[in-house]
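Colleague: I'm new to reading protein models. Could you walk me through this one, feature by feature?

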Amino acid sequence: MALTIDTITSLCKRRGFIFQSSEIYGGLASTYDYGPLGAALKRNVKDAWWRAVVEERDDVERLDAAILMHPRVWEASGHVEHFTEPLMDCKGCRKRFRADYLWVAAVTGPEGQNWGEVGPIQAPSLPEALESAREKKFKKKPVPEGTKIEARPLAEATDSENVRCPECGGALTEAREFNLMFRTTLGAVEASGLEVYLRPETAQGIFANFENVLTTTRRKLPFGIAQIGKSFRNEVTTKSFIFRTLEFEQMEIEYFVMPGEDEACYEQWRDERFQWYLSLGVRKENLRLRDHEPEELAHYAKRCADVEFLFPFGWSELEGIANRTDYDLRRHAECSGKRIEYFDQENDRHVVPYVIEPSGGVDRSVLAFLCNAFREEQLKNGKRIVLGLHPDLAPIKAAVFPLLRNRPELVEKAKAIAADLRRHFPARYDDTGAIGKLYRRQDEIGTPLAITVDVDSLSDQRVTVRHRDTMEQDRVSIDQVAVFCKDKLAEMRREMTG
């Protein structure tokens, strides 16, 4: 059975990964809270990223910039002018849509027959619009060989019947631009306060601090600055659980290079970032690199590629790798009146570095890792749901159970083992059900190892270690459990990294 986003949403609520924000008050649209396991998973994703791009390298510095910045930062970056979406409102149901997410498709038969238009289609990208058009036109029937489907913006529809609301079929207004930045007022009195913005990206904090980092660290090109932080976008079209939300977290690197060295550096980061997801267990068939077409490029970009994941709702972006040229540093120099340059001692000249930007979403990565890891297995005694998370991402590495919770000596020994394991990695004691249910619960939240203390453990000083993915079991001496578990986790890590 195909995985759906509703299945993942249900799992996250049931097991304490992710909750609807303000749920007791009816919830707030497109905002979510990370529960006990979700907070751990999210932290593990960020730690894995930080380890790969900062701690295992010697050419990337750290930064934690403020969310609120001087409003001129966003004028210089182009966000005030360019960070907009074209919107259309339905005169019937009053819903609002992004005009660039509304499409029609012309369908041509194998022998050139005009099979008309399909629409309206609501999709965030051309590939998804084409796939939706195919489903609408042919339902589940095979598409005749030689059929041609071409999607274009709704505004270019030739059939007026297709220029309508995708929800209720009502008439749509003309498109108008809408800025995505959240505004707030700095100061006690709103009327006289300074209008500022919640940052829509973390990158500008890095660019504004380029000179500070360069001066204090005495770095030579090439080098990077990395940070993880919250960003906010007043998105009209949010969708698919935590994939696109109003408040989200980014993992960004701005890597500064000499002009002329940017193309090679871009290719290197492009490949490294793709491999990072594979190294954490994402299956290759669920991952791809897609280069942007010239018309897709942002106003500052020379080149850009997306690392895309095959979500239940289709291929969508996990991370973008962009060659931003020297646009940002030049713009901030122009608008601030400050010199923002690097002195090239070898050639005795001042240069404005080019910037390569790998920018990934924490929340999208969490969703991708959950979708990639989820599987259902039909066993003789029923269905087993497993989250086959990479051990570096699993919120809990090992769980410890007493076989009988009414035997104090078993409970005491199991708690002692769990306490010892917590000195090495996250471990949990649990005695809230029969052993079969305890196994199933840990399988469903992605715990790699489960350890059972039984009656024989009192005499032979051994415990049973069960493996999540194979359900195989080993009998291990209690004084060797920690070493055994660490070895098994390392073995899993090697297997899932490929």
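Colleague: Let's start with empty space. Which residues line the largest cavity?

Modeller: First, the general idea. Rolling a probe the size of a water molecule over the atoms shows where empty space is left. Here, keeping in mind that this is a predicted model, the largest cavity is lined by Leu 280, Gly 281, Phe 369, Asn 372, Ala 373, Gly 388, Leu 389, His 390, Leu 393 and Met 496. Helix H10, residues 362–373, gives the most to that lining, with 3 residues.

Colleague: How much space lies in the largest cavity, and how many cavities of 30 Å³ or more does the structure hold?

Modeller: The largest cavity has about 40 Å³ of space. The structure holds 2 cavities of 30 Å³ or more.

Colleague: And pockets? What is the volume of the second largest pocket, and which residues lie nearest its centre?

Modeller: That pocket has a volume of about 340 Å³. Its lining counts 17 residues, and those nearest the centre are Lys 220, Tyr 342, Phe 343, Asp 344 and Gln 345. Two elements give two or more residues to this lining: helix H7 (210–217) and strand E17 (342–344). E17 provides the largest share, 3 residues.

Colleague: Now a single residue. Is Trp 49 buried or exposed?

Modeller: The cut-off to know is that a residue counts as buried under 20% relative accessible area. Trp 49 has 1%, so it is buried. You'll find Trp 49 in helix H2, residues 36–55.

Colleague: Which residues does Trp 49 touch, leaving out those up to four places away in sequence?

Modeller: Trp 49 touches Ala 226, Gln 227, Ile 228, Met 251, Glu 252, Ile 253, Arg 273 and Trp 276. Trp 49 also belongs to the largest nonpolar core, which has 59 residues. Within that core, Phe 17, Trp 49, Leu 287, Leu 367 and Phe 369 touch the most other members. A second, separate core has 22 residues, including Leu 410, Ala 418, Leu 421 and Tyr 429.

Colleague: Phe 369 came up with the cavity too, right? OK, sheets next: in what order do the strands of the open sheet of 5 strands run?

Modeller: Strands of a sheet pair through backbone hydrogen bonds, either parallel or antiparallel. In this open sheet the order is E23-E22-E24-E25-E26, and the pairing is mixed.

Colleague: Why is one side of E23 and of E26 left without a neighbour in the sheet?

Modeller: Strand E23 (427–429) and strand E26 (473–477) stand at the edges with a single partner strand each, so one side of each has no neighbour in the sheet. From one strand to the next, the twist averages 25°.

Colleague: In which sense do E25 and E26 pair?

Modeller: Strand E25, residues 462–467, pairs with E26 in the antiparallel sense, over 5 bridges. For instance, Thr 464 has Arg 475 in E26 as its bridge partner. Helix H12, residues 435–445, packs on this sheet and touches E22 (398–402), E24 (449–453), E25 and E26. The direction of H12 makes about 170° with that of E22.

Colleague: Which residues of H12 are buried?

Modeller: A general point about helices helps here. An α-helix has 3.6 residues a turn, so residues three or four places apart point the same way. In H12 the buried residues are Leu 438, Tyr 439, Gln 442, Asp 443, Glu 444 and Ile 445. Just after H12 comes Gly 446, with a positive phi of about 90°.

Technical notes: Residues are numbered from 1 along each chain as its sequence is written. This is a predicted model: local features need pLDDT of at least 70, side-chain atom pairs count only at pLDDT 80 or more; totals for chains, interfaces and linings use all residues. Side-chain values use heavy atoms; hydrogens and water are left out. Helices (H or I, at least four residues) and strands (E, at least two) are DSSP runs, numbered from the N terminus. Buried means under 20% relative accessible area, exposed over 50%, partly exposed in between (1.4 Å probe, protein chains only). Contact means heavy atoms within 4.5 Å. A nonpolar core is a set of buried Ala, Val, Leu, Ile, Met, Phe, Trp, Tyr and Cys residues joined through side-chain atoms within 4.5 Å. Two strands pair if DSSP finds at least two bridges between them. Axes are lines fitted to C-alpha atoms, for helices over the stretch in contact, and angles run from 0 to 180 degrees between N-to-C directions. On a 1 Å grid over the protein atoms alone, a cavity is a set of points where a 1.4 Å probe fits but cannot get out, and a pocket is an open set with protein on both sides within 12 Å along at least five of seven lines; lining residues have an atom within 4 Å of a point. Grid points are joined across faces, edges and corners, and a volume is the space filled by probe spheres set on the points.
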